[in-house]
Amino acid sequence: MSPAQDVLIIGSGINGLSAAALLAVSGKKVLVLESNSVPGGAIRTEQLTVPGFHHDLFAMNLGLFAGGAVMAKLGGELTAHGFNLVPSTKPFCSIFPDGSMIGVEADPAATVRNLAAIAPQDVKAWEELTAKLGLWAPFLIGVLNSDLPSVDAIKTLWKAHRALGTVGLFEMTKLALQSTRSFTDENFVCPKTKALMATWGMHLDFAPDISGGALFSFLEAIGGQLFGMVIGKGGAATLVTALVGVIEANGGEVRCNSRVTQITVDKRRATGVVLASGEIVLARRAVISNVNPRLMPALLPDHVAADPTIKRVEKFQSGLATMMIHLALLDLPPWTAQEAQTYNYVHIGPYIDDMAKTYTDAAAGRLPESPTLVIGQPTVTDPSRAPEGKHVLWVQVRMLPLELADGSKWNDVSEQYADLVMKKIESYAPGLEKLVIARAVLSPADLESYNVNLINGDSLGGSHHPAQFFFLRPVPGWGRHRSPVKDLYLCGAGTWPGGGVSGASGAMAAKILV
Ligand SMILES: Cc1cc2nc3c(=O)[nH]c(=O)nc-3n(C[C@H](O)[C@H](O)[C@H](O)COP(=O)(O)OP(=O)(O)OC[C@H]3O[C@@H](n4cnc5c(N)ncnc54)[C@H](O)[C@@H]3O)c2cc1C
């Protein structure tokens, strides 16, 4: 038996580490138990292809963290532990089969110039939406940073009501329920502008026709101009190293190779954990789980897991799967839309109807013929990630089947499917093939083997469709970062406010215990 801790945290994802750091700084004795040999979960930087090329295996864009509560509180300490952000003045663009592109710059006037060259008829609506985000951002961000339901959230909505009026508040509510197709049809004329916005929905599991997709698309597409994009200098894992540094500097510990096999429960109260090694660690105050909620019943004693309030969480549904292709390159892709070389993200949908079809195919277990791609070019702003003059490319293939309907296994088809993806990119960047020094493919099955939370390669830790979002995340009865077991709290992508490197749910869980 190990010495008792104030708070035990299962899992060292961004939220587990954020909760641990905030609690450690507040004087609590914390221990983070991680099953992998390295901390960070879906944040990991490795020289995966060839030495000298540093790839963010999973998350790359740290914009949510940079603007979030954990950075606001611990920014100084994180910097002291080696975490530095590299901002981008050109966060993202969409490119199209005819060789054209629309780029969103961290400067609304520049973005309007780019838009005017391709879709002059949409400029007015874009400017109106930019002004609207300026008005709405404090309230939207306020709600995203509050537990749901909570007094804080109600206060934010009340302030929104006073500032925007009833109609304004209802308009914001409509945005949270609208699909990206409906939202972009309402605002834009040109299919390229619509696609520019809708690809952001595909970062989560919002195909163009899914209710709720408009919120994230609006925040990211319009917000790109106001907030830009940031990546971690040297790789996203520098954030993990810095958080571990803050935890240790404040008396806490992060222990890897320590898989929790059971959460001990006495009279419906969580009392500690048992590790795969058989070691028991007790928690004086609480256990926080950074484990995908769907995996939680398996960690509870049988008599507790059998309770219907616990079993309910087994119905928490995954989003679709993701595949990553990492490339070491002699040079940046020779995009036909040349200017695309200067952006951190290049999106290829290309159009809303293509994205809708991709989603339908993937949901039915078929490999999409026209994959939706998010192509990260981190070395545009952080050349330290590759040898001089060379580059890494981060290719995220969105919306893939969790399981293949024809019975084949992901690891049997992933290289072949990666060839199809490369062919698609090549059609937008002829000559790319000759620039590839090395390639590494991480299939959905590989993602899950790196991190059990990514069930079947779902990068989101659970679908974000409205039935599992807001106060309904993960399932009714498990909200507000509490489980039905006393003193067993939850954080992570499967809890409000969902996936992404923000640390917000970790901060909310920590706030309950400080
Ligand atoms: C390929 C990919 C690309 C992404 N890109 C971006 C991006 O650019 N920007 C962005 O904001 N977001 C991105 N995301 C999403 C984001 O990375 C995740 O939503 C977020 O990192 C999840 O954090 P988490 O706190 O839920 O924990 P996780 O990252 O899921 O980590 C949980 C940890 O818990 C451990 N664990 C689980 N069970 C146990 C157990 N029983 N005992 C001990 N340890 C356990 C796991 O090993 C894991 O390390 C991406 C995700 C993926 C997969």
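**Shell around the ligand**

I began with the elements that line the ligand in this predicted model, and I noted that α1 (14–25) and β13 (321–329) each supply at least two residues of the shell around it. The greatest contribution comes from α1, which gives three residues to that shell. I then looked up which residues come nearest to the ligand, and of the 38 around it these are Gly-11, Gly-13, Asn-15, Gly-41 and Gly-492. Sorted by class, the shell holds 17 nonpolar residues, 19 polar ones and two charged ones.

**Helix α1**

Since α1 gives the most to the shell, I checked its geometry next. Its 12 residues reach 16 Å from the first C-alpha to the last, which is close to the 16 Å expected at 1.5 Å a residue. Is this helix mostly covered or mostly exposed? I found it mostly covered, with 12 of its 12 residues buried. The buried residues include Asn-15, Gly-16 and Ser-18 as well as Leu-17, Leu-22 and Leu-23. I note that Asn-15 appears twice in my entries, as one of the residues that come nearest to the ligand and as a buried residue of α1.

**Helix α10**

I made the length check on α10 (residues 237–249) as well: at 1.5 Å a residue its 13 residues should span 18 Å, and because its end C-alpha atoms lie 18 Å apart, the model agrees with that expectation. In this helix I listed Ala-237, Thr-238, Leu-239, Val-240, Ala-242, Leu-243, Val-244, Val-246 and Ile-247 as buried. As background for reading such a list, I kept in mind that an α-helix has 3.6 residues a turn, so residues three or four places apart point the same way. After α10 comes Gly-251, and I recorded a positive phi for Gly-251, near 90 degrees.

**Helix pairs**

I looked up two helix pairs, starting with α4 (residues 108–118) and α5 (residues 123–144), whose axes come within 10 Å and cross at roughly 155 degrees. Because that angle is over 145 degrees, α4 counts as roughly antiparallel to α5. I also recorded that the crossing of α4 and α5 is right-handed.

The other pair is α8 (residues 191–201) with α9 (residues 213–227), which pack at an angle of about 115 degrees with their axes 7 Å apart. I therefore entered α8 and α9 as roughly perpendicular to each other. The crossing of α8 and α9 is right-handed.

**Cis peptide bonds**

Which residues does a cis bond with omega about -5 degrees join? I found Arg-473 and Pro-474, and Pro-474 has its place in the loop between α15 (444–450) and β18 (488–490). The peptide bond from Gly-349 to Pro-350 is also cis, with omega near -10 degrees. I located Pro-350 in the loop between β14 (345–348) and α13 (352–363).

**Positive phi outside glycine**

I then turned to asparagines with a positive phi, one of which is Asn-257, a residue other than glycine with phi near 50 degrees. Asn-257 sits in the loop between β9 (253–255) and β10 (260–266), and because 13 other C-beta atoms lie within 10 Å, I entered it as partly exposed.

Asn-456 likewise has a positive phi, about 55 degrees, although it is not a glycine. I found Asn-456 in the loop between α15 and β18, where Pro-474 also has its place. With 17 C-beta neighbours inside 10 Å, Asn-456 counts as partly exposed.

**Two glutamates and their distances**

Is Glu-448, a residue of helix α15, buried, exposed or partly exposed? I entered Glu-448 as partly exposed because it has 18 other C-beta atoms within 10 Å, and a residue needs 20 or more to count as buried. I noted that Glu-448 and Asp-458 are 10 residues apart in sequence and 8.1 Å apart in space, taken from C-alpha to C-alpha.

My last entry concerns Glu-77 in helix α3 (residues 69–80), which counts as partly exposed with 17 C-beta neighbours inside 10 Å. Glu-77 and Val-452 are 375 residues apart along the chain, and I recorded a separation of 30 Å between their C-alpha atoms.

Notes. Residues are numbered from 1 along each chain as its sequence is written. This is a predicted model: local features need pLDDT of at least 70, side-chain atom pairs count only at pLDDT 80 or more; totals for chains, interfaces and linings use all residues. Helices (H or I, at least four residues) and strands (E, at least two) are DSSP runs, numbered from the N terminus. The expected span of a helix is 1.5 Å times one less than its number of residues. A residue is near a molecule or strand if its C-beta atom, placed from the backbone, lies within 6 Å of it. Ala, Val, Leu, Ile, Met, Phe, Trp, Tyr, Cys and Pro count as nonpolar, Asp, Glu, Lys and Arg as charged, and the others, Gly among them, as polar. Axes are lines fitted to C-alpha atoms, for helices over the stretch in contact, and angles run from 0 to 180 degrees between N-to-C directions. Angles under 35 degrees count as roughly parallel, over 145 as roughly antiparallel, 65 to 115 as roughly perpendicular and the rest as oblique. A crossing is left-handed if the near helix is turned anticlockwise from the far one by less than a right angle, and right-handed if clockwise.
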